[in-house]
Amino acid sequence: MDVPRPAFKCFDDDGRPKRSGTVWTASAHILTAVIGSGVLSLAWAIGQLGWVAGPGVMFLFSFVTYYSSTLLSDCYRTGDSVSGKRNYTYMDAVQSILGGFRFRICGLIQFLNLFGTTIGYTIASSISMMAIKRSNCFHESGGKNPCHMSSNPYMIMFGVTEVLLSTIKDFSQIWWLSTLAAIMSFTYSAIGLALGIIQVAANGVFKGSLTGISIGAVTQRQKIWRTFQALGDIAFAYSYSVVLIEIQDTVRSPPAESKTMKNATRISIAVTTTFYMLCGCMGYAAFGDAAPGNLLTGFGFYNPFWLLDVANAAIVVHLVGAYQVFAQPIFAFVEKQAAARFPDSDLITKEFEIKFPGVRSTYKVNVFRAVFRSCFVVLTTVISMLMPFFNDVVGILGALGFWPLTVYFPVEMYIKQRKVERWSVKWVCLKMLSCGCLVVTVVAGVGSVAGVMLDLKVYKPFKTTY
């Protein structure tokens, strides 16, 4: 008996509910993942590198990220780009195409990067919330009160919010949160840019130098470490390849998912680079070597205080959404593994319906999902309270994820999938790109670890104040 044709309209070729994502929803997901708190450290990063190397490195990272993302988007389907087997996650793609030992290494690095990013976002959100409180405190006291405070209550507030949002089942259901977060990222980036332009106009001159902060203002060793750390900060600012396949899995077809994703990547990287160049360069032009590590919370600006409050509130809202974008792949992986290992357990596989008084619809809850996700958020919050070093954590995350996840695995998968001939011009160029980015990752990691070691010398657990 023939199955009625309309039934197929509800499902894709893999039997899953039909995907509805477009180039615009994919772009929103990418912008939410990319334009994060990292944009606010770019003025400091350019300050370490100077007017020549700073913008040059930024353009280089944008090109590498765009190119490697186009390679990775071709790996969503194994074999044919239209009808091949779908890979639902980054790890699925690596396992399907490369397999073996590299799959396990990829999984470890990817989840360390995702886990670390959620920690970085928890730290950044608390700093922005404190900046609002301190800005108002400075305004009320006329600048006489130093307004020192602990970041712990604000991290806890952020954690409680993420526990609630973690009840959202999967990636495809948070498109509205990503759209809101993307709007917020443009809001605070535009405010930072506007304040930088106003400050430059007030100064009457572009501050900064061709080679960055000079030896004398810092020691020669500090100059080297800071330069390395700046590379990590810029790498982190472009980091999103780790969730690219997951984003691509929300896109409908036809046209081919790879085509839609390449268009979304082109739009997102162009918008991101424009914003990064403007915000980073104008921040450096405004403050020169004194550019703070976080443009809106490092109190490079004090007035208008209400506008700074709006910008920092936008940062918090954006980071609330960005946290979910990076946490959802971890949730999906752990829950999939648990369901495969204990398929008969009602606690893991069954959804229970809960009815709230006065509400018609029922709320479905899975016990394992609720408990695991809550524990995950609590863990990231506690670690954030233990190590609240924004710039150094950002640099380490950028170094950890840039070469292996943004360059190495996409290049290796592309070479194998497209059967690029060994020692051909294309093969050699791809390998040179990978080796060059490995060097950048190593030096950035060294610089950021050195920064953390310096911070730990004057640090007391759970007692950090700003």
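The following is a working chat about a predicted model of one protein chain.

Colleague: What is the basis of this model, and how are residues numbered?
Modeller: The model is predicted: local features need pLDDT of at least 70, side-chain atom pairs count only at pLDDT 80 or more, and totals for chains, interfaces and linings use all residues. Residues are numbered from 1 along each chain as its sequence is written, and side-chain values use heavy atoms, with hydrogens and water left out.

Colleague: What does the secondary structure come to?
Modeller: The protein chain has 14 helices and 4 strands. These are DSSP runs numbered from the N terminus, helices being H or I with at least four residues and strands E with at least two.

Colleague: How many residues are there, and what percentage is buried?
Modeller: The chain has 466 residues, of which 54% count as buried. Buried means under 20% relative accessible area, exposed over 50%, and partly exposed in between, with a 1.4 Å probe and protein chains only. The chain exposes about 20900 Å², and carbon and sulfur atoms supply 67% of that area. Accessible areas come from the Shrake-Rupley method with a 1.4 Å probe; for residues, only the protein chains shown count as cover.

Colleague: Which residues have the most contacts inside the largest nonpolar core?
Modeller: They are Ile234, Tyr276, Phe409 and Met413, in a core of 113 residues. Such a core is a set of buried Ala, Val, Leu, Ile, Met, Phe, Trp, Tyr and Cys residues joined through side-chain atoms within 4.5 Å. Helix H10 (residues 305–341) gives the largest share of this core, 14 residues.

Colleague: And what does Met413 touch?
Modeller: Leaving aside residues up to four places away in sequence, Met413 touches Leu72, Cys75, Ala93, Val94, Ile97 and Leu98. A contact here means heavy atoms within 4.5 Å.

Colleague: Ala93, Val94 and Ile97 are in H3, I believe. Why is H3 described as largely enclosed?
Modeller: Helix H3 (residues 90–97) has 6 of its 8 residues buried, so the rest of the structure largely encloses it. The buried ones are Tyr90, Met91, Asp92, Ala93, Val94 and Ile97. H3 is followed by Gly99, whose phi is positive, near 65°.

Colleague: Turning to aromatics, how many pairs are there?
Modeller: The structure holds 14 aromatic pairs. Rings of Phe, Tyr and Trp (its six-membered ring) pair if their centres lie within 6.5 Å; planes under 30 degrees apart count as stacked, over 60 as edge-to-face and the rest as tilted. For Phe115 and Phe376 the ring centres are 5.7 Å apart and the planes stand at 70°, so this pair is edge-to-face. The pair links distant parts of the chain, with Phe115 in helix H4 (residues 100–141) and Phe376 in helix H12 (residues 367–386), 261 residues apart.

Colleague: Are those two rings' residues buried or exposed?
Modeller: Phe115 and Phe376 are both buried. Together with Phe331, Phe368 and Phe372 they form one aromatic cluster.

Colleague: Now salt bridges. How many does the rule give?
Modeller: The count comes to 7, where a salt bridge is a side-chain nitrogen of Lys or Arg within 4 Å of a carboxyl oxygen of Asp or Glu. In one of them, the side chains of Arg418 and Asp74 meet at 3.5 Å, N to O. Arg418 lies in the loop between H13 and H14, and Asp74 in the loop between helix H2 (42–73) and strand E1 (77–78), 344 residues apart.

Colleague: How covered are Arg418 and Asp74?
Modeller: Arg418 is partly exposed at 45% relative accessibility, while Asp74 is buried at 11%. A further salt bridge joins Arg77 to Glu257, with the closest N and O atoms 3.0 Å apart. That pair also links distant parts of the chain: Arg77 is in strand E1 and Glu257 in helix H9 (residues 257–287), 180 residues apart. Both Arg77 and Glu257 are buried.

Colleague: Back to the loop between H13 and H14: where is phi positive there?
Modeller: Lys419, in the loop between helix H13 (390–417) and helix H14 (425–456), has phi near 55°, a positive value in a residue other than glycine. Trp423 lies in that loop too, with phi near 70°, again positive in a residue other than glycine. Lys419 counts as exposed at 70% relative accessibility, and Trp423 is exposed with a relative accessible area of 63%.
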